[in-house]
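Here are my comments on the model you sent round, set out as numbered points. Please read them with the coordinates open beside you.

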Amino acid sequence: MPLLKANVLVTGLPGCGKSTLVNRLVEKARTKGIIVGGISTPEFRLSTGRRGGFLIQDIATGEKQIMASVDRSSPVSVGRYGVNLQAIQEVGVKAINSAITEADLVVVDEIGKMELAVSEFKTSVAGALNSTKPVLGTVGMRLKTAFVTEIKNRSDVTLFVLTPETRSQVYQNVVNLIGL
């Protein structure tokens, strides 16, 4: 059974479980034989146990690069992290664009300050939302850019606020909207 076209964005405070929710949904989709593409941005830890930064990973191919690191010098920084704009371009933009043409479900985890530093990333996200494919994305609750406001307010976007109390209901709502 084909998936339903839906543009779903999940927002919430840091650490509320947005990426965990997306990972659960990706696994559910894969168990049904659905081809999933797009990006994830997991954190990585230093040998000291401290967060060292974030990777950007192509969900379909597994290709990954360091997107931001405490050890990186960059003209763009977010907090204490130097941002690798080239990684966002080479892995992120490419993965989203590939997902639009090759996947059944496009995942963008996450639409955040680091990723939005690359204009082509915004173009790819808009392209995914405008495509015929269902899109599942996460976006920071406190992120207030013109682009984020625009996509959150699109008439074809359903925005869920994730909290510990709403986790199971949001999961079920997304399953129903996309047809998982």
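The points below take up three helices, then three strand residues, and then the largest pocket.

1. On the nature of the model: this is a predicted structure, and what follows should be read as a description of that prediction.

2. On helix 1: the helix covers residues 18-31, and its 14 residues, at 1.5 Å a residue, should span 20 Å, which agrees with the 20 Å that separates its end C-alpha atoms. Its buried residues are K18, L21, V22, L25, V26 and A29; seen down the helix axis they fall within an arc of 135°, so they line one face of helix 1. On the other side of the helix, T20 and T31 are exposed. Just after helix 1 comes G33, which takes a positive phi of about 80°.

3. On what packs against helix 1: the cover over its buried residues includes strand 1, strand 2 (36-40), strand 8, strand 9 and helix 5.

4. On helix 5: the 12 residues of this helix (residues 167-178) should span 16 Å at 1.5 Å a residue, and the end C-alpha atoms are 17 Å apart, which agrees. Which residues of helix 5 are buried? They are V170, Y171, V174, V175 and I178, and because these fall within an arc of 135° when helix 5 is seen down its axis, they line one face of the helix. Among the elements that cover them are strand 1 (7-12), helix 1 (18-31), strand 8 (105-111), strand 9 (135-140) and strand 10 (157-161). Helix 5 is followed by G179, whose phi is positive, near 85°.

5. On helix 3: for the 12 residues of this helix (residues 119-130) the expected span at 1.5 Å a residue is 16 Å, and the end C-alpha atoms lie 17 Å apart, in agreement with it. F121, S124, V125, A128 and L129 are the buried residues of helix 3, and they cover an arc of only 135° around the axis, which puts them on the same side of the helix. The face turned away from that buried side carries the exposed residues T123 and N130.

6. On V8: this residue is found in strand 1 and counts as buried, at 0% relative accessibility, where the cut-off for buried is under 20%. Although V8 and L136 are 128 residues apart along the chain, their C-alpha atoms are separated by 4.9 Å. Leaving out residues up to four places away in sequence, V8 touches V135, L136, G137, T158, F160, V174, L177 and I178, and V174 and I178 also appear among the buried residues of helix 5.

7. On F160: this residue has its place in strand 10 and is buried, with a relative accessible area of 13%. How far apart in space are F160 and V10, which are 150 residues apart in sequence? The distance is 4.8 Å, C-alpha to C-alpha. With residues up to four places away in sequence set aside, F160 touches V8, L9, V10, T11, V170, N173, V174 and L177.

8. On G12: like V8, G12 is found in strand 1, and G12 is buried, with a relative accessible area of 1%. Its contacts, not counting residues up to four places away in sequence, are with K18, V139, G140, M141 and L162; of these, K18 is one of the buried residues of helix 1. G12 and P42, by comparison, are 30 residues apart in sequence and 17 Å apart in space, C-alpha to C-alpha.

9. On the largest pocket: about 870 Å³ of space lies in it, and the lining consists of 31 residues, of which P14, K18, R51, F54 and E110 lie nearest the centre. The elements that give two or more residues to this lining are helix 1, strand 4 (51-58), strand 8 and strand 9, and helix 1 gives the largest share, four residues. By residue class, the lining of the largest pocket divides into 11 nonpolar, 12 polar and eight charged residues.

10. On one residue that recurs in these points: K18 is buried in helix 1, is touched by G12, and is among the residues nearest the centre of the largest pocket.

Terms used:
Residues numbered from 1 in each chain as written. Predicted model: local features only at pLDDT ≥ 70, side-chain atom pairs only at ≥ 80, totals over all residues. Heavy atoms only, no water. Expected span 1.5 Å × (residues − 1). Buried < 20%, exposed > 50% of the residue type's maximum accessible area, 1.4 Å probe, protein only. Arc of directions from axis to C-beta. Contact = heavy atoms within 4.5 Å. 1 Å grid on protein atoms, 1.4 Å probe; cavity = no way out; pocket = protein on both sides within 12 Å on 5 of 7 lines; lining within 4 Å. Points joined across faces, edges and corners; volume = space filled by probe spheres on them. Nonpolar A, V, L, I, M, F, W, Y, C, P; charged D, E, K, R; others polar.
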